[in-house]
Amino acid sequence: MPTEFISVTFPNASTELNPIPGLPTIDPDYLVRYARALDDYEFNYTLVPYDSTIADPFTVGATIAAVTKNLKIIIALRPNTQYPTVAAKSLATLDQLSKGRVVVHYIAGGSDVEQAREGDYLTKKERYERMEEHIRIVKRAWESPEPFDWDTKYYKFTGFRTFVRPYNGRSIPVSVGGSSEDAYRVGGALGDIFGLWGEPLKDTREQIDRIYAAAAAAGRPEGDRPRIWVSHRPIVAETDDLAWEKAHRTLAVLKKNAPAGGEGKPPAEAPQNVGSQRLLEIAKRGDVQDRALWYPTATATNARGASTALVGSPQTIADSILDYVGIGAELISIRGFDNLNDAIDYGRYVLPKVREALKEKEANGHSNGHTNGENGAA
């Protein structure tokens with residue numbers, strides 16, 4: 001399948017570099033402008049994130065779908081926030097309204113504190129068990145309108161069925177992310193997509209192998225493995241030298257604005273989720289790894305989410321992305337620190353270079369990465 005690009009939705013103009021106090025949580029005009037920019041510059045997807053403090057992703061996703069033509073909407077979903085029978089209908093409804101442009105990204109929950117804010121007190125292991133059940137239920141609901149029962153540890157119901165089916169009549173792509181063994185197990189068995197944060201090529205390839213091994217252990221054939229999604233935060237400028245100057249300016253502002261661990265502030269608590277722990281541990285190897293992978297942005301933010309940068313000219317960034325495509329990544333998430341302007345720069349200067357290089361490789365008879373079956377996100 002073709003290499004595709006993902007951004008992240010931002011509903012207002014506040015950024016990590018320029019936080020704007022008192023700004024409305026949702027600026028409808030900005031949201032529409034941002035979504036249309038992604039559509040115009042041919043991003044394939046945008047992730048609508050989830051957090052206990054931010055806007056409902058389904059409503060935001062519906063707004064994006066209404067003002068775009070091709071952009072696919074990835075709805076982040078925590079199983080504790082929506083019963084699976086309701087989630088199956090909500091996702092299928094949005095998929096119908098957008099004519100098949102919906103993906104669901106499952107989040108088990110990486111922080112006990114954050115989960116408790118919405119009444120979820122399960123252990124991390126239990127959260128992954130519940131997520132597995134949740135995915136199995138929504139998939140079953142989408143497959144057939146026939147009533148079915150469920151009676152397991154986390155969910156129990158009798159005779160559920162929904163007539164709201166996915167747009168393609170079969171299913172909606174399911175994405176799973178994480179870096180723990182439980183994440184590999186659930187995502188390998190049930191995911192159409194598996195999301196990873198930006199690590200060095202060798203470490204990323206090792207994770208991909210573990211995901212594929214989990215898929216094989218679940219009985220999935222090679223042609224039905226999850227598509228791999230890798231996330232980075234590119235810092236791009238006209239030349240490599242200018243990009244590195246911009247990177248150090250960006251880092252200085254990130255440190256200044258850090259909620260914890262910055263200058264004159266107490267050290268941030270160690271993150272609970274394995275993905276962040278991995279990023280911080282890898283950062284100890286050195287600031288710059290591989291072609292242009294830069295780790296100080298991860299340490300400055302205590303590895304909150306996808307936080308590793310790629311630094312360089314548009315050509316260097318494109319070449320770095322192609323390195324990840326070469327080891328099996330088919331979905332590339334790139335978002336910057338100056339959200340809208342960076343997305344426009346990527347669309348103008350980076351995406352075309354990557355796509356042109358992949359066309360040339362294909363024309364020369366070279367594969368642009370590992371292929372999968374029809375259960376992917378396209």
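Which residue in E13 is the bridge partner of Ile-235? In this predicted model, the partner of Ile-235 is Val-311. The pairing offers a convenient point of entry, and the description below begins with the protein as a whole before returning to it.

The protein contains twelve helices and 14 strands. Its C-alpha trace spans about 65 × 55 × 40 Å along the principal axes. For 378 residues, a compact globule would be expected to have a radius of gyration near 21 Å, and the 20 Å of the protein agrees with this. Of the 378 residues, 54% are buried. Among contacts with a separation of 6 or more, 72% are between residues 24 or more positions apart.

The pairing of Ile-235 with Val-311 belongs to an open sheet of four strands, whose order is E10-E13-E12-E11 and whose pairing is mixed. E10 and strand E11 (288-289) are the edge strands; each has a single partner strand, so one side of each lacks a neighbour in the sheet. Moving across the sheet from E10, one meets the link between strand E10 (residues 235-236) and E13, which consists of two bridges and is parallel. Next comes the link between E13 and strand E12 (residues 293-294), where two bridges join strands that run antiparallel. Here Trp-294 stands opposite Ala-309 in E13. E12 is in turn joined to E11 by two bridges, again in the antiparallel sense. Trp-294 appears in this link too, as the bridge partner of Val-288. Trp-294 of E12 thus has a partner in E13 and another in E11.

Strand E13 (residues 309-312) deserves a closer look. In a regular strand, side chains alternate between the two faces of the sheet. In E13, Ala-309 and Val-311 lie on one side, Leu-310 and Gly-312 on the other, and all are buried, so that both faces of the strand are covered. Val-311 also provides a reference point for a helical residue: its C-alpha atom is separated by 9.8 Å from that of Glu-245, although the two residues are 66 residues apart along the chain. Glu-245 is located in helix H8 (residues 240-257). Is Glu-245 buried or exposed? Neither word applies, because its relative accessibility of 45% makes it partly exposed. Val-311, by contrast, is among the buried residues of E13.

A second group of strands is centred, for this description, on E9. All six residues of strand E9 (residues 227-232) are buried. Both of its faces are covered: Arg-227, Trp-229 and Ser-231 are buried on one side, and Ile-228, Val-230 and His-232 are buried on the other. Five bridges connect strand E8 (residues 193-197) with E9, and the two strands run parallel. One pairing between them matches Phe-194 with Ile-228 in E9. Between these two strands the chain passes through helix H7 (residues 201-217), forming a right-handed β-α-β crossover. E9 also pairs with strand E14 (residues 329-334), in the parallel sense and over five bridges. Within that pairing, Ser-231 has Ser-333 in E14 as its bridge partner.

Aromatic side chains form the next topic. The whole structure contains ten aromatic pairs. In one of them, Phe-148 and Trp-150 meet edge-to-face, with 6.5 Å from centre to centre and 80° between the planes. Both Phe-148 and Trp-150 are buried. Phe-148 also forms an edge-to-face pair with Phe-157, at 5.5 Å centre to centre and with 80° between the planes. Phe-157 is buried, as is Phe-148. These residues belong to a wider cluster, in which ring pairs link Tyr-83, Phe-148, Trp-150, Tyr-155, Phe-157 and Phe-160.

Aromatic rings also meet charged groups in this model. The charged end of Arg-225 sits over the ring of Tyr-212, at 3.7 Å from the ring centre. A similar arrangement involves Arg-233, whose charged end sits over the ring of Phe-337, 4.1 Å from its centre.

Conventions. Residues are numbered from 1 along each chain as its sequence is written. This is a predicted model: local features need pLDDT of at least 70, side-chain atom pairs count only at pLDDT 80 or more; totals for chains, interfaces and linings use all residues. Side-chain values use heavy atoms; hydrogens and water are left out. Buried means under 20% relative accessible area, exposed over 50%, partly exposed in between (1.4 Å probe, protein chains only). Two strands pair if DSSP finds at least two bridges between them. A crossover is right-handed if, with the strands pointing away from the viewer, the path from the first strand over the helix to the second runs clockwise. Rings of Phe, Tyr and Trp (its six-membered ring) pair if their centres lie within 6.5 Å; planes under 30 degrees apart count as stacked, over 60 as edge-to-face and the rest as tilted. A charge sits over a ring if NZ of Lys or CZ of Arg is within 6 Å of the ring centre and within 35 degrees of the ring normal. The radius of gyration is taken over C-alpha atoms; the globule rule is 2.2 Å times the number of residues to the power 0.38. Contact means heavy atoms within 4.5 Å.
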